[in-house]
Amino acid sequence: MHLRWEDYPGISYYKDRGFESIELESPSIRNVSEEVENLGEDEYIIIKGCDFLSESPRKFMKRGPELKIPRKVDSPWRYFPKEFKNLTADSHKRGYSWRNKRSNTTIVVPFSSLFDGLKLYVSQRNEIKAKLYHDHDQKVISGKVKSSLKNYSYTVFENVIQKDGKNFFADWLSYNCSCTCEGNLFNRFTSFKYVNPPHFVCKHGFALYEAARKSEEKIYPLFPRPRKKFIECDENLTRVFVKRRYNERLGIGQRNRLDGACLGLLNEKFLQGLSFWQEDGILKYGSLAQD
Ligand SMILES: [Zn+2]
């Protein structure tokens, strides 16, 4: 059983246990990500007067900038790592995206889906059953992924990106993900675009895709794995609070933005935060990340 982001304790938990507070007054995003990277196990952070965290978290998820993979690219496995390396600590990205050529829809992968999807996959890996079938000229995965809290499952459909022998199909750009979870529906219905709103890949989409890859070796790795240092930074973000009227934990948009900044910081230090090439798998959250 893994903790969902919402399940992490609030600030009083840390206060009661004598954790040290680090107060940051109007910090830059770089300051914050440096403090997050070096946060001790018995410390937490309170941020005051911070412009880039004061906007609505949902707004950032709707409109926030993302790392865009150009549509002319037909070799994403070469392109993705290069793009990630260009991130710096001053980046304010919500994730990465590309364009589905067939439906003309933008596919957005928030950084949080990489973490939460990985934890979900690891905790349910023997239970997720991915079905693969052909639909016209596309291969589709469908399956159910259990909700981490409630007693029911979400249904997910995804188009597959396949390998063909040593070559990859270039039509990786036809990937799509649909899921019945609340987060995904919310993102779509509140989009600022009414025609062809962007599709977000949620943690259930990530988990199902990885489950399908386990049973079918021809499926192309589409989601990079966060490495150990990056996972630690994301965990440290659960101990970051923003001072408004009360000390609040980071909302989903703020978390994604700071994940982007931490990833940039790790890249600047040549500690690659994401890896595409652990083909064998994910597989053990925790040891996943032997760097
Ligand atoms: Zn979902």
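**Entry 1: sheet with E12**

I began with strand E5 (residues 105–110), which pairs with E12 in the parallel sense over two bridges. The model I am reading is a predicted one. For Val-108 I looked up the bridge partner in E12 and found Phe-200. I then traced the whole sheet: it is open, has four strands in the order E3-E4-E5-E12, and its pairing is mixed. Strand E3 (67–68) and strand E12 (199–200) are the edge strands; each has a single partner strand, so one side of each is left without a neighbour in the sheet.

**Entry 2: sheet with E1**

I went on to another open sheet of four strands, ordered E1-E2-E14-E15, again with mixed pairing. Its edges are E1 and strand E15 (247–249), and because each has a single partner strand, one side of each lacks a neighbour in the sheet. I noted an average twist of 30° from one strand to the next. Strand E14 (residues 240–243) and E15 run antiparallel and are joined by three bridges. I checked Phe-241 and found that its bridge partner in E15 is Arg-249.

I also looked at what lies on these strands. H2 lies across E1, strand E2 (43–48) and E14, and it runs at about 165° to E1.

**Entry 3: core and helix H8**

I listed the largest nonpolar core, which has 59 residues. Phe-206, Ala-207, Leu-208 and Cys-262 have the most contacts inside it. I followed Cys-262 out of this group. Setting aside neighbours within four places in sequence, I found Cys-262 in contact with Ser-33, Val-36, Glu-37, Phe-230 and Cys-233.

Phe-230 and Cys-233 led me to helix H8 (residues 228–236), where they are among the buried residues. The others I noted there are Ile-231, Asp-234 and Asn-236. I then asked what covers the buried residues of H8. The cover includes H2, helix H5 (111–124), strand E13 (225–226), H9 and E16.

**Entry 4: positive phi outside glycine**

I looked up Ser-26, which is not a glycine yet has a positive phi of about 40°. Ser-26 is in the loop between strand E1 (20–25) and helix H2 (29–37). Is Ser-26 buried or exposed? I counted Ser-26 as exposed because 10 other C-beta atoms lie within 10 Å.

Phe-270, also a residue other than glycine, has a positive phi near 60°. I placed Phe-270 in the loop between helix H9 (252–268) and strand E16 (274–275). Phe-270 has 7 other C-beta atoms within 10 Å, so I entered it as exposed.

Key. Residues are numbered from 1 along each chain as its sequence is written. This is a predicted model: local features need pLDDT of at least 70, side-chain atom pairs count only at pLDDT 80 or more; totals for chains, interfaces and linings use all residues. A residue is buried if 20 or more other C-beta atoms lie within 10 Å of its own, exposed if 12 or fewer, and partly exposed in between; C-beta atoms are placed from the backbone. A nonpolar core is a set of buried Ala, Val, Leu, Ile, Met, Phe, Trp, Tyr and Cys residues joined through C-beta atoms within 7 Å. Two residues are in contact if their C-beta atoms, placed from the backbone, lie within 7 Å. Two strands pair if DSSP finds at least two bridges between them. Axes are lines fitted to C-alpha atoms, for helices over the stretch in contact, and angles run from 0 to 180 degrees between N-to-C directions.
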